[in-house]
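This report describes helices, their packing and a few single residues. The structure comes first, and the text follows it.

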Amino acid sequence: MENRTFYNEVLADHNLHPIHKKKLESANLIMEGVNPGCGDDIILELKVENDIILDGAFQGSSCAVSQASADIMLDLIIGRHKEEAMKLADIFMRMIKGEAAEDEIEQLEEASSLREIFHMPARVKCAVLGWHTMTELVNSGK
């Protein structure tokens with residue numbers, strides 16, 4: 001029950017007050033992420049220099065889970081090396097599938113609150129949209 005309460009609080013906070021939902025004028029990597037099943041559509045923008053993610057933002061229309069997850073992801077990856085961001089994305093994806101170890105999940109900090117999504121299959125694609133878009137964007141270097 002405690003995990004569910006934490007999940008609801010984190011989700012509500014990042015949905016109602018997303019810090020990173022804005023246009024990032026200095027972005028040098030930009031990619032659209034779409035979930036055709038539910039209509040979630042985000043534009044992820046990153047500023048990366050010397051393989052360090054210096055800043056990030058997202059825009060678009062998406063559900064509460066998708067928006068909160070993208071905002072939480074950006075909190076976690078800004079200031080980190082691209083490789084570290086990719087490692088965290090891998091852990092997140094495995095956590096959502098119920099395949100990550102507890103010590104790995106702890107590395108996700110606040111993003112670990114979304115582990116409850118595992119029990120809501122219809123919301124999994126919503127939760128991973130921002131993370132999936134980030135990995136594609138970092139891998140493509142666009």
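Helix α3 has 15 residues and spans 21 Å from its first C-alpha to its last, close to the 21 Å expected at 1.5 Å a residue; the expected span is 1.5 Å times one less than the number of residues. Helices (DSSP H or I, at least four residues) and strands (E, at least two) are numbered from the N terminus. The model is a predicted one, in which local features need pLDDT of at least 70 and side-chain atom pairs count only at pLDDT 80 or more, while totals for chains, interfaces and linings use all residues. Residues are numbered from 1 along each chain as its sequence is written, and side-chain values use heavy atoms, with hydrogens and water left out.

The buried residues of α3 are Lys82, Ala85, Leu88, Ala89, Ile91, Phe92, Met93, Met95 and Ile96. Buried means under 20% relative accessible area, exposed over 50%, and partly exposed in between, with a 1.4 Å probe and protein chains only. The cover over the buried residues of α3 includes β2, β3, α2, α4 (102–106) and α5. Contact here means heavy atoms within 4.5 Å. After α3 comes Gly98, with a positive phi near 80 degrees.

Glu104 belongs to α4. Not counting residues up to four places away in sequence, Glu104 touches Ile91 and Arg94. Glu104 and Arg94 are ten residues apart in sequence, and their C-alpha atoms are 9.7 Å apart.

The table sets out two other helices by length and end-to-end reach.

| Helix | Residues | First to last C-alpha | Expected at 1.5 Å a residue |
|---|---|---|---|
| α2 | 14 residues | 20 Å | 20 Å |
| α5 | 20 residues | 28 Å | 28 Å |

Helix α2 is mostly covered, with twelve of its 14 residues buried. Among them are Val65, Ala68, Ile72, Met73, Leu74, Leu76 and Ile77, and also the polar or charged Ser66, Gln67, Ser69 and Asp71. Gly79 follows α2 and has a positive phi near 95 degrees.

Helix α5 bends by about 45 degrees at Leu129, where the bend is the angle between axes fitted to the seven residues ending at a residue and the seven starting there. Leu129 is itself one of the buried residues of α5, a list that also includes Cys126, Ala127, Val128, Gly130, Trp131, Thr133 and Met134. The buried residues of α5 pack against β1 (29–35), β2 (40–49), α2 and α3 (82–96). Just after α5, Gly141 takes a positive phi of about 70 degrees.

How do α2 and α5 meet, and at what angle do their axes cross? The axes of α2 (residues 64–77) and α5 (residues 121–140) come within 8 Å and cross at roughly 35 degrees. Axes are lines fitted to C-alpha atoms, for helices over the stretch in contact, and angles run from 0 to 180 degrees between N-to-C directions. The crossing is right-handed, that is, the near helix is turned clockwise from the far one by less than a right angle. On the α2 side the contact is made by Val65, Ser66, Ser69, Met73, Leu76 and Ile77, and on the α5 side by Arg123, Cys126, Ala127, Leu129, Gly130, Trp131 and Met134. By class, this contact has nine nonpolar, three polar and one charged residues. Nonpolar covers Ala, Val, Leu, Ile, Met, Phe, Trp, Tyr, Cys and Pro, charged covers Asp, Glu, Lys and Arg, and the others, Gly among them, are polar.

Leu11, in helix α1 (residues 2–16), counts as buried because its relative accessibility is 13%. Leaving aside neighbours within four places in sequence, Leu11 is in contact with Ala64, Val65, Ala68 and Leu114. Leu11 and Leu114 are 103 residues apart along the chain, with their C-alpha atoms separated by 8.1 Å.

Most residues other than glycine have a negative phi. Two residues in the loop between β2 and β3 depart from this: Asn50 has a positive phi of about 50 degrees, and Asp51 has one of about 65 degrees. Asn50 lies in that loop, as does Asp51. Asn50 counts as exposed because its relative accessibility is 74%, whereas Asp51, at 36%, counts as partly exposed.

Leu54 sits in strand β3 (residues 52–61) and, at 40% relative accessibility, is partly exposed. Beyond its neighbours within four places in sequence, Leu54 is in contact with Lys47, Glu49 and Ile78.
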